[in-house]
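Open the model in your viewer and keep the sequence panel beside it. The stops below go from helix pairs to sheets and then to single residues.

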Amino acid sequence: MLEHVFSPLTMRGKTLKNRLTVPAMVMNFCTADGKATERYIAYHEAKAKGGFGMIVTEDYAVEPEGKGFTNIPGLWSDDQIPGHTELANRVHKYDTVLIAQIYHAGRQTNSFITGHTPYAPSAIPCPVNQEMPEAMSIERVEEVIEKFGDTALRAKKCGFDGVEIHGAHGYLIAQFMSQYTNKRVDKYGGDLENRLRFPVEIIKNIRAKVGEDFIVGFKISSDEYMDGGRTLSDTLTIVPYLEEAGIDYVTVSAGVNGSATKMMPTSYTKHAWNVDAAEEVKKVCSIPVISVGRINDARIADTLIRAGKVDMVAMGRASLADPALPNKSKDGQLKDVRRCIGCLIGCVGNELKGIPCACALNPTLGREYEGDVEKAVVPKKLAVVGAGPAGLQAAITAAEAGHSVKVYEKSAYAGGQFRLAAVPPCKGEITEFINWQTTQLDKLNVEVAYETEVTADTFDAERPDTILFAAGATPVVRPIPGVDLPHVVTAQDFLDGKVNYGNSCVVIGGGQVGAETANHLALNWKSVNVVEMQPAVAAEEVLVVRMEMMEDLVKNHVGMHTSTIVKKITETAVVCEKDGAEFELPADMVVIAVGSRANNALADALTAKGFDVKLIGDAEGSGNVMKAVTQGYDLAKTL
């Protein structure tokens, strides 16, 4: 079934055992001076062990002034070679081809990161970073070209199999290629050949320094999705020039900083959304083409290759969620693959904060150096109350450690409130993670007692050593006049199918839950308004996810009333106040989505009876799925 994706491919004498690659992703795991840490090495080693045919490491800056993030790797100096040599040695143990992506951020950085005013082809600031860059002189351009070649040579000395030149995502090379950012009138600007002079000279400089037995790839955005930026037609014209200059493969991505949703697609983006552009690139060149962009299943990857659209498939965030995806898929263990759901909470969310990245679903990401879960010296008898993400992860980890575990869930299904989060549009993949958790429990022979409500007396006979209390939280219902009317419901009850739709709906509370519930209602042809006290809707969402969510809300004609207070609810309307003026929103259905609070009366009762009770997930304090899963994992490891 997966014969195409698991067929070999050879470039420059290096044979890839399969067509699954890990693209470069900033993780912030290195030191500030670009040196490799054990965290960084073990992170990549896990992917090699997991079976990926090729790994492209994250942006190796060619000089300190080229860094776009604080803790990324670099090979601008010989003293950085030893740690990255260790990386190459450990990845090669698993017959994986290792490529160093090399780059210069250009204007897409800030002086507080690099200690220098950003460089760019022209003095035009990035719309995201905002800092005015310094237009590069010809001498400075030629100096950076040499630094790309020197960095590639250091990568070869480390033992890497090749480099990938980062010419995508609006970084320096992309800035030179695009008339959106390049307004020069010298030999590096103006017509097409002048704008391509910079990348072409970089390719030739690298090849001259590394020789013929070294892979040189190139990453390019198919379309910049910015007014005046490169389009697919431009890219199709450019790639043959790059091939003639000497590249061995091309990775087709999309976007720049100003079109971030194209660079970092979320659950609102369809699978393999950019593959048609990659297919067009494949028609104009004779080198392997790699597609990237929301591909999280080896079956999809195989289909793309079988259809002749591309030669290889990059699975970035899919590899964060499950670094063993290739091996599991090849062995037919498809239900054991923990698939990325496009939430971006720990990866992009942490990256934008400048802190080490994590994964909402995979608590071991970035912690691979800690090793596997150790077997308990003295196995315990554990009861887990609640089958939400926190409880199920705790049960999985505890069972892996050798403890005896039983899970109790009062409803008929696993997942808790996270299961309800799958109901709104573009969130359906959440159910796959819940399936993954229950599949792991089945394999570990952990019993889940569904439709079993725990009371203070439940454990009197069994007397577990520890009770992991993960019973979640209950919705908050504020004392708004009219809140007890029959057409007023909680978001949880609505999403759980306990009440039917109205036609004119008002959602009180514009956080993530309220916004997604409103989107769900609007998609089902309802008139919807959201009322939020704060100045913005879904302000807590990861920026890129929020951008796509807001696009959806606007497209679905959802009215958004921010900095607005609800005064009362009547049988036909919600009376609101903004800036001292009252107005009414018609409503035959009102949905309350103003948060939730832990209801731990049962936990207190169990503690009072002498049980060792530990709170996790929303029972400990409200938070997102990453907090829940991480807490469940960490607590179970320490029992």
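A crossing of two helices is called left-handed if the near helix is turned anticlockwise from the far one by less than a right angle, and right-handed if clockwise. Helices (H or I, at least four residues) and strands (E, at least two) are DSSP runs numbered from the N terminus. This is a predicted model, in which local features need pLDDT of at least 70 and side-chain atom pairs count only at pLDDT 80 or more, while totals for chains, interfaces and linings use all residues. Residues are numbered from 1 along each chain as its sequence is written, and side-chain values use heavy atoms, with hydrogens and water left out.

**Stop 1: two helix pairs**

Select residues 138-158, helix α4, and residues 192-210, helix α6. α4 passes α6 in a right-handed crossing. The angle is about 40° and the axes lie 8 Å apart; axes are lines fitted to C-alpha atoms, for helices over the stretch in contact, and angles run from 0 to 180 degrees between N-to-C directions. The two helices are therefore oblique to each other (under 35 degrees is roughly parallel, over 145 roughly antiparallel, 65 to 115 roughly perpendicular, the rest oblique).

Now show side chains. Among the α4 residues that meet α6 are Val141, Ile145, Phe148 and Leu153, and the α6 side includes Phe198, Ile202 and Ile206; contact means heavy atoms within 4.5 Å. The residues of this contact of α4 with α6 divide into 10 nonpolar, 2 polar and 5 charged. Here Ala, Val, Leu, Ile, Met, Phe, Trp, Tyr, Cys and Pro count as nonpolar, Asp, Glu, Lys and Arg as charged, and the others, Gly among them, as polar.

Keep α6 and add helix α7, residues 232-245: the pair packs at about 35° with axes 9 Å apart. α6 passes α7 in a right-handed crossing. The contact includes Leu196, Val200 and Ile203 of α6 and Ile238, Tyr241 and Leu242 of α7. The residues of the contact of α6 with α7 divide into 9 nonpolar, 1 polar and 2 charged.

**Stop 2: an open sheet**

Next, display the 5 strands of the open sheet, β15-β14-β13-β16-β27 in that order, with parallel pairing. Two strands pair if DSSP finds at least two bridges between them. The edge strands, each paired on one side only, are β15 (447-449) and β27 (613-615). From one strand to the next the twist averages 20°. Strand β16 (residues 466-469) is joined to β27 by 3 bridges, and Phe469 stands opposite Leu615 in β27. Add helix α14 (residues 389-400), which packs on the sheet and touches β13, β14 and β16.

Then click Ala470, in the loop between β16 and β17. Ala470 counts as buried because its relative accessibility is 9% (buried is under 20% relative accessible area, exposed over 50%, partly exposed in between; 1.4 Å probe, protein chains only). Its contacts include Val385, Ala390 and Ile616.

**Stop 3: strand β25**

Which residues cover the two sides of β25? Select 589-592: Met589 and Val591 on one side and Val590 and Ile592 on the other are all buried. Strand β18 (residues 488-490) pairs with β25 in the parallel sense over 3 bridges, and Thr490 stands opposite Ile592. Strand β19 (residues 504-508) pairs with β25, also parallel, over 4 bridges, and Ile508 stands opposite Ile592.

**Stop 4: Asn350**

Finish at Asn350 in helix α13 (residues 348-353). Asn350 counts as buried, at 8% relative accessibility. Residues touching Asn350 include Ile345, Pro356, Cys357 and Met626.

Conventions:
Lists of a residue's contacts leave out its neighbours within four places in sequence.
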